[in-house]
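Colleague: Hey, I'm new to this one. Can you walk me through a few bits of it?

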Amino acid sequence: MAVPHLQQPSFLLASLKADCMNKPFAQRCHDLEIVIEDFPAKELHAIFPWLVENIFGSLDGIIIGWNLRCLHGRANPTEYAIALDFLDPSGPMMKLVYKLQAEEYRYEFPVSYLPGPVKASMQERVLPECSLYHNKVQFPPSGGLGSNLALNPFEYYMFYFAISLITQRNSPTTHHISPSNSAYFSLVDTYLKWFLPTEGSVLPPPSSNPGVGIPSPVPRSPAVPFTSYGIHHTSLLKRHIAHQPSVNADPASQEIWRSETVLKVFVEMWLHHYSLEMYQKMQSPHVKESFKPTEEHVLVIRLLVKHLHAFANSLKPEPLSPSAHSHTASPLEEFKRVVIPRFVQQKLYIFLQHCFGHWPLDASFRAVLEMWLSYLQPWRYAPEKPLQSAELQPRSVSEKWAPFIQENLLMYTKLFVGFLNRALRTDLVSAKNALMVFRVAKVFAQPNLAEMIQKGEQLFLEPELVIPHRQHRIFMTPTLGGNFLSSWPPTITDASFKVKSHVYCLEGQESQYKQMFGPEVRNLLNEAQLTQMIMNCGAAQDENGKKKLPDCIESEDGLILTPLGRYQSIINGLRRFEIEYQGDTDLQPIRSYENATLVRLLFQLSSGINQRFADQMEILCSREDFIGRLCRYHLTNPFFVEKSRHSPALKQRSGCSRRPRISLRFLASYRTLLSLFMIYFIASWFCIGPLACTFIILLGYFLYAIVMTFFTERWKPHQH
């Protein structure tokens, strides 16, 4: 877009707004790239807030923007590629961010759109613990509640990008396309790989002036040490907003300030929607929260969890000398060491607890389940490759993961109990719900995992000895804000103290811990429920491929359902008897495929024949030769006894005698009548008369009856 440099910023903004209405998407992005390259930061400063809102949508959700959540490569390949190139970490939009960052501009972000706990804290004039908000809160001159955050360009851009997942979730979406194929999902993955690299270091931002770097936002606040696991840490962090700390930045943090900012923004915007205080005071599934995460939201968090595991596992092995570690470790390596316990653990645990207690009892919970299981298995994202082996045995979990399991004990134990309670309330007949139970069982059945979890529980339940030096230990709480490099705490070698600190920090010192391997959890499942879960794992068919009958016992009155059988058939419908008509077939209600008049006439005819020749038919059927077998095939129901075995009918009724008789009701069926009409019609083409055709039909049926009599007598002997 050829716009002279002497134009006023207001005219530049008006021109760009007009282009949004009149030009196609590709042309608009090309023009924006030219504007970013040619215009100075002073003029770009005025269009930056509008451009960010135009891309990610407005905070109130009215303006959709580029709708990155619904932009998919298969449906719109051209726009998809252009958007990703424009918003790439090395693309035009980031060049604009760094261009403004060099001038140290600030942009206002309303506090009212921040996550609930952060907003509530600021409204109470209490400084949030995360340093992302320190030295940024601004109140209006009138003294009202409409406060804002003063953010630098990089923070402003990342705030809008992260929160658009929340603010734009009510916008129309394409339901038949997976959210993981959207442009937004791809950008999250790209930003994580760029700013939290598993190999090498973070690439420096491009600078319009060679040799001039982009300054880090300063100053920052130091971390506050945590002195005892028995004292809740948030009380130490509450400080009035009017006294926001201002200290000099650690020079080492200049290298990774973008990495730290991206992680903090993602965690705050996506996970920090439920406060620890409310969780500890009101641990009930009936507590109503205003924020309800979507399945897409959970999928994005799972992507974050998986990448953070890979990021943390890419940490270089520690040197043998502890003194060498403190002098040679780079800020990025130190960041990898604390990224999960320090920034993610607490907020993710509370987020998962809320999902386990409030998510609908349907198959959509699979997204939450997979995100939880991804966090529980950091070894899946370790750089070392599993040894190629012909054995299909699952790999044993290495002992090197014991510290992670112990420091995340509640993630394994309490959430497992929470899932168990959910599973007992779901319809396990559904294949999708049964699959979720199988997935959890498969993960927790990995060799050596249960033993390490049990070891962690033993460490927590270990009696606390009154040792003087323990009272003065310092433990870094997982969620303290500030620059993580400052006030670095000493390493704690006491595993029991670490486990207790983890549990008490999240659950409170007076919480009642429920052992995963204790009798209370084992009693959650009774024998019937355990049997049902086992059957849903593939034992739902018998050797003949038919569904098994409900569990029952045979008594004098017939089959009686056991408690397990009632659970199978009545409560969950897992198994059922074959419901069939067991009475006189001639007395069944007239079907829609039968002629009512013929049914009545043929019934009267059959009844007359049966009454007239009853004794003769019984004598013929009692013979043991071929004539007797042929008569039994025609005059009795050979499958009645077999069918009665699949019914809970009374023994007296099922075992009653069935006298030989003739039933002509099949001739009243429209299908039979149509078949006979077609046979007679085709026979007329070959000059075969009705009498001859009838004789051929009877002869063919007689031959068929002989064959069927032979096979029926051999396979299923009659019982009289």
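Modeller: Sure, let's begin with Phe-419, which is buried at a relative accessible area of 6%; buried means under 20%, exposed over 50%, partly exposed in between, with a 1.4 Å probe and protein chains only. One caution: this is a predicted model, where local features need pLDDT of at least 70, side-chain atom pairs count only at pLDDT 80 or more, and totals for chains, interfaces and linings use all residues. Residues are numbered from 1 along each chain as its sequence is written, and side-chain values use heavy atoms, leaving out hydrogens and water.

Colleague: OK. What about Trp-372, buried or exposed?

Modeller: Buried, as Trp-372 has 0% relative accessibility.

Colleague: And how far apart are the ring centres of Trp-372 and Phe-419?

Modeller: The centres are 6.3 Å apart and the planes of Trp-372 and Phe-419 sit at 40°, so the pair is tilted. Rings of Phe, Tyr and Trp (its six-membered ring) pair if their centres lie within 6.5 Å; planes under 30 degrees apart are stacked, over 60 edge-to-face, the rest tilted.

Colleague: How many aromatic pairs are there in the whole structure?

Modeller: A search turns up 35. Another tilted one joins Phe-48 and Tyr-107, at 5.0 Å centre to centre with 55° between the planes. Phe-48 is buried at 0%, and Tyr-107 is buried at 4%.

Colleague: Switching topic: which side chain does Lys-336 join in a polar contact?

Modeller: That of Ser-314, at 3.0 Å. A polar contact is a pair of N or O atoms within 3.5 Å; within protein, one must be able to donate a hydrogen and the other to accept it, and residues adjacent in sequence count only if both atoms are side-chain atoms. Lys-336 is itself buried, at 4%.
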